[in-house]
Every structure is written in structure tokens, then in C-alpha cells.
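Hi,

Here is the structure I promised to pass on. Have a look at it first, and my notes on what I found follow below.

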Amino acid sequence: PLSNVLTQITRAPSLEGILNHILHRLPDEELLILAELSVYRSPAPASAWAQQQRALEKLVARQLVQEDGRGGVSLLPAYKEFIYAGRSPEVRAKLHLDAAWVRANMAERTAAAYHCICANRPDLAVTLWYPHRQSEINQGQAEAAYAVFDGIALNQLRPTVQKLLMLIRSELKVLRGAYEQARDALGTASWDDDVLS
């Protein structure tokens, strides 16, 4: 009967309550790994935690972290959202910046740029991605890059980085077939300086 189901639901512990109980019992090293993993949208390379391999293995054994069979590790979405929400904006920014460097070292520069944006470092996203844009485009990252760079306000950037962003946006719009928008993306900037070198 419905009344029995409702009674059981109200007595059942929530996922949040269970996770809180588990997290309070974990050592700091394991808590840090969980926090670091909470910012990744796709599996992160397990090699990033080579120095904490035993702690990572314990998290896998506890089924808080899952392996993808290709050297990647991730949190379950429900865990990820809960752990991420429990961090302050400053800690989240630092975790995203750390993730950006992990992704950049794996030559995943579009993912690195995304993490730079989340870390409130749009300047770093632009300067990190621009020199490798052709490689990223060739790897099929143009749409993901468009989503990353379309949301950056130019006034957040220094003038030379603004120009790099305008070039990125214009090139990505050309790839989408939006030629007029690509021209407009270049704005009214003066292009006589040494921005491209």
C-alpha cells in the first residue's frame, strides 16, 4: 500500500546522509582525491594520482570511485554533485585549475580551457588553447571549444588576449559556416600589432 511505501521512504536514510556519514570517516588524503575528482566532467587519468595510488585504490574498493578500464577514474554523478557542492568557490577554483593542468599535460587542451574558465581564469584558457587550436580542431573539439570560448566577456581580458579570443571565435564560427558572424567576431580591433607571434 502507498501508506507503507511513504512510511518506508521517510525512514530510509537519504543519499546525502549516507555520504556525510562515509565522508566523515575517510582520511584527509582520500577526501582530497574525491574533491579533486568532483570537478571532472569525464574520467580523469588515474596517473594524476600516482603518488596517492593506495588511497585511490581504497576509494575504488569502497566503490566511491569507479575505473573505466582505460586508465581513467571518476565519481558517480550523485557523489560528484554532492562533493562539489560542499566546497567553497575558492576551493572549487583551485580544484579546476589543478584539473586544467592535468588535462593540458594530457594534451587535452579544450578540456583544460573549460577548467580554466571554471577557475575564473579566462585569460589562461585563451592563451593555453590558441597555440594548439588546429590540433584541437583536428581532434573534433571545435564544438566543445565554441561552447567554452563563446561565453567569455572580452572586457575580462588584456587587449592582446582579447584579440586572440576574437581570432578563436572567428575561426570557430567559420567552421560552423557562419561567415558573417565570423567577420563580426573580429570586431573593430586594430590588427597592426604583433598579436599572432
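Before the hairpin makes sense, a word on terms: two strands count as paired if DSSP finds at least two bridges between them. Keep in mind too that this is a predicted model.

With that settled, the hairpin is the one formed by β2 and β3. Four residues lie between its strands, and glycine 69 takes a positive phi near 80° there.

Now the sheet as a whole. It is an open one of three strands, ordered β1-β3-β2, with antiparallel pairing. β1 and β2 stand at the edges with a single partner strand each, so one side of each has no neighbour in the sheet. As general background, strands of a sheet pair through backbone hydrogen bonds, either parallel or antiparallel.

If you want to step through the pairings, these are the ones to click on:

- Strand β1 (residues 44–45) pairs with β3 over two bridges, in the antiparallel sense. Alanine 44 has valine 73 of β3 as its bridge partner, and proline 45 stands opposite glycine 72 in β3.
- Strand β2 (residues 65–67) is joined to β3 by three bridges, and the two run antiparallel. Here glutamine 66 has serine 74 of β3 as its bridge partner.

What about the two faces of strand β3 (residues 72–75)? Both are covered: Gly72 and Ser74 are buried on one side, and Val73 and Leu75 are buried on the other. That fits the usual picture, in which the side chains of a regular strand alternate between the two faces of the sheet.

Serine 74 is worth a closer look. This residue sits in strand β3 and has a relative accessible area of 13%, so it counts as buried, the cut-off being under 20%. Leaving aside neighbours within four places in sequence, serine 74 is in contact with Pro43, Leu64, Val65 and Gln66. Gln66 on that list is also its bridge partner.

On to the helices. The axes of helix α8 (residues 122–129) and helix α11 (residues 159–175) come within 10 Å and cross at roughly 60°. The two are therefore oblique to each other, and α8 passes α11 in a left-handed crossing. On the α8 side the contact is made by Asp123, Val126, Thr127 and Trp129, and on the α11 side by Val161, Leu164, Leu165, Ile168 and Leu172. Sorted by class, that contact has seven nonpolar residues, one polar and one charged.

How many of the eight residues of α8 are buried? Six are, so the helix counts as mostly covered: Pro122, Leu124, Ala125, Val126, Leu128 and Trp129. What covers these buried residues includes α6 (89–105), α7 (109–118), α9 (133–138), α10 (142–149) and α11.

One last residue, this time in helix α6: leucine 97. With a relative accessible area of 22%, leucine 97 is partly exposed. Not counting residues up to four places away in sequence, leucine 97 touches Ala119, Arg121 and Leu124, and Leu124 is one of the buried residues of α8. Leucine 97 and arginine 121 are 24 residues apart in sequence, yet 8.3 Å apart in space, C-alpha to C-alpha.

That's what I have; shout if anything is unclear.

Cheers

Technical notes. Residues numbered from 1 in each chain as written. Predicted model: local features only at pLDDT ≥ 70, side-chain atom pairs only at ≥ 80, totals over all residues. Heavy atoms only, no water. Buried < 20%, exposed > 50% of the residue type's maximum accessible area, 1.4 Å probe, protein only. Axes fitted to C-alpha atoms, helices over the stretch in contact; angles between N-to-C directions. Parallel < 35°, antiparallel > 145°, perpendicular 65-115°, else oblique. Left-handed = near helix turned anticlockwise from the far one by under 90°. Contact = heavy atoms within 4.5 Å. Nonpolar A, V, L, I, M, F, W, Y, C, P; charged D, E, K, R; others polar.
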